[in-house]
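Open the model in your viewer and set the chain to cartoon, with side chains hidden for now. The stops below are meant to be taken in order.

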Amino acid sequence: MEQILFKETLPGLAVEQVIREQEFSMNTRHFHESYEVYFLLEGNRYYFIDSDTYLVQEGMTVLVGRNQIHKTSMAGENSYHNRILLQLDAPVWDSQLKKCGLPPLEELFIRCEHVVKCKREDFVKIAGLLDEIKREMREKRACFEAVVRMKIVEVLVLIYRNRREEMFISLKEQREQKGQKNKETASMPESAARQYGSAAARHKKVHEVAEYLQKHCETRESLEEIGRRFFVSKSYLSRIFREVTGFSVNEYQTLARMRRAQELLTQTALPITEVAEEVGFESITYFERVFKKYTDKRPLQYRKEYGRERI
């Protein structure tokens with residue numbers, strides 16, 4: 001069962017709350033120009049971003065940057081979850097953040113990447129602010145857009161503050177552990193992330209493969225050849241990659257190619273034919289067709305719209 005509790009938009013902002021009681025598969029486009037903030041109100045989910053998998057639990061917030069490959073999947077046997085999603089467009093929000101002394105969205109998301117575990121009292125505040133945002137967008141009273149924007153900024157401030165405090169505590173713990181190691185000449189305890197990785201070797205293997213495909217998205221190696229490179233069989237790689245990421249290896253490679261193509265189109269003056277070759281396409285016609293499928297724009301149109309200094 002899927003229940004859409006709320007769905008509204010404003011210029012530069014989309015807000016959606018959904019409850020699902022069955023496994024959910026996102027649509028074909030898994031990266032976008034907007035910045036995404038995901039609040040998990042109930043349930044547990046795995047969140048795959050770029051090449052890493054995160055276990056997201058109730059009360060956690062996920063920040064996904066512009067054009068980052070991402071997908072959620074079921075964690076454990078219970079698929080039930082209740083989440084709120086914000087989509088933010090940088091051109092609209094960067095000026096708002098600057099007025100409040102905050103960094104622009106790109107920098108903010110880099111500093112907060114990717115999963116933030118807020119203090120309980122702060123997440124309760126965030127949930128309350130999100131309820132107020134929904135009410136304002138639903139009722140549309142006088143000046144509601146201004147009220148919504150102020151509350152969104154307040155939500156981002158709380159997330160940013162919690163991340164900074166979380167990083168400070170983590171650094172302090174690392175120093176204490178290092179000091180303890182020096183005193184006792186004992187091994188430093190592994191981080192929770194490392195323990196999780198060692199307990200689930202398939203996540204580590206998938207991370208290695210995903211990272212390789214990001215760095216070498218142009219490769220024309222077959223699934224069997226990629227498997228040999230990472231010392232696993234073709235069938236095993238295919239199975240664990242989909243289990244962990246929600247993508248097939250080919251789907252993920254195509255996404256990595258499209259993201260790299262976006263970078264080349266916006267940051268270089270390479271002709272479209274060379275961009276296609278750089279990301280592993282022999283046919284420019286096929287490249288343009290796939291690019292349009294994932295971005296809703298042809299490569300030249302995308303360059304004109306998003307290119308720096310209109311290359």
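Select Ile 159 first and show what surrounds it. This is a predicted model. Leaving aside neighbours within four places in sequence, Ile 159 is in contact with Val 37, Phe 39, Thr 61, Leu 63, Cys 112, Val 116, Cys 118 and Ile 126.

Now widen the selection to the core around this residue. Ile 159 is among the residues with the most contacts inside the largest nonpolar core, together with Leu 13, Phe 39, Leu 105 and Ile 152. That core has 36 residues. Colour the elements that give two or more residues to it: strands E1 (2-10), E2 (13-20), E3 (35-49) and E7 (81-88), and helices H1 (90-99), H2 (105-112), H3 (120-139) and H4 (144-184). H4 supplies the largest share, nine residues.

Next, select Phe 230, Ile 240, Phe 247 and Ala 261. These are among the 35 residues of another core, which lies apart from the largest one.

Keep Phe 247 on screen and add Phe 48. The structure holds 13 aromatic pairs, and this is one of them: the ring centres are 6.2 Å apart and the planes stand at 65°, over the 60 degrees needed, so the pair counts as edge-to-face. Phe 48 lies in strand E3, and Phe 247 in the loop between helix H8 (234-245) and helix H9 (249-267), so the pair ties together parts 199 residues apart in sequence. Are these two rings buried or exposed? Phe 48 is buried, at 1% relative accessible area, and Phe 247 is also buried at 1%.

Move to H8, just before that loop. The helix has 12 residues, and at 1.5 Å a residue it should span 16 Å; the C-alpha atoms at its ends are 16 Å apart, which agrees. Show the side chains of Leu 237, Ile 240, Phe 241, Val 244 and Thr 245, the buried residues of H8. Then turn the view to look down the helix axis. Those buried residues fall within an arc of 105°, so they line one face of the helix. What do they pack against? Their partners are E3, strand E4 (52-57), strand E6 (70-74), helix H6 (201-215), helix H7 (223-229) and H9. Just after H8, select Gly 246, where phi is positive, at about 85°.

Go on to helix H12 (residues 299-306) and select Tyr 302 and Tyr 306. Both lie in this helix, four residues apart, or about one turn. Their ring centres are 4.7 Å apart and their planes are at 45°, so the pair is tilted. Tyr 302 is buried, at 2% relative accessibility, whereas Tyr 306 is partly exposed, at 28%. Add Phe 281, Tyr 286, Phe 287 and Phe 291 to the selection: ring pairs link these and the two tyrosines, Tyr 302 and Tyr 306, into a cluster.

Two arginines come next. The charged end of Arg 257 sits over the ring of Phe 281, 5.3 Å from its centre. For Arg 149, the ring underneath the charged end is that of Trp 93, with its centre 5.3 Å away.

Finally, zoom out to the whole chain. The secondary structure comes to 12 helices and eight strands. Of the 311 residues, 46% count as buried. Among contacts between residues at least 6 apart in sequence, 69% join residues at least 24 apart.

Note on methods
Residues numbered from 1 in each chain as written. Predicted model: local features only at pLDDT ≥ 70, side-chain atom pairs only at ≥ 80, totals over all residues. Heavy atoms only, no water. Core = buried A, V, L, I, M, F, W, Y, C linked by side-chain atoms within 4.5 Å. Buried < 20%, exposed > 50% of the residue type's maximum accessible area, 1.4 Å probe, protein only. Contact = heavy atoms within 4.5 Å. Phe/Tyr/Trp six-rings, centres within 6.5 Å; stacked < 30°, edge-to-face > 60°. Lys NZ or Arg CZ within 6 Å of the ring centre and 35° of its normal. Expected span 1.5 Å × (residues − 1). Arc of directions from axis to C-beta.
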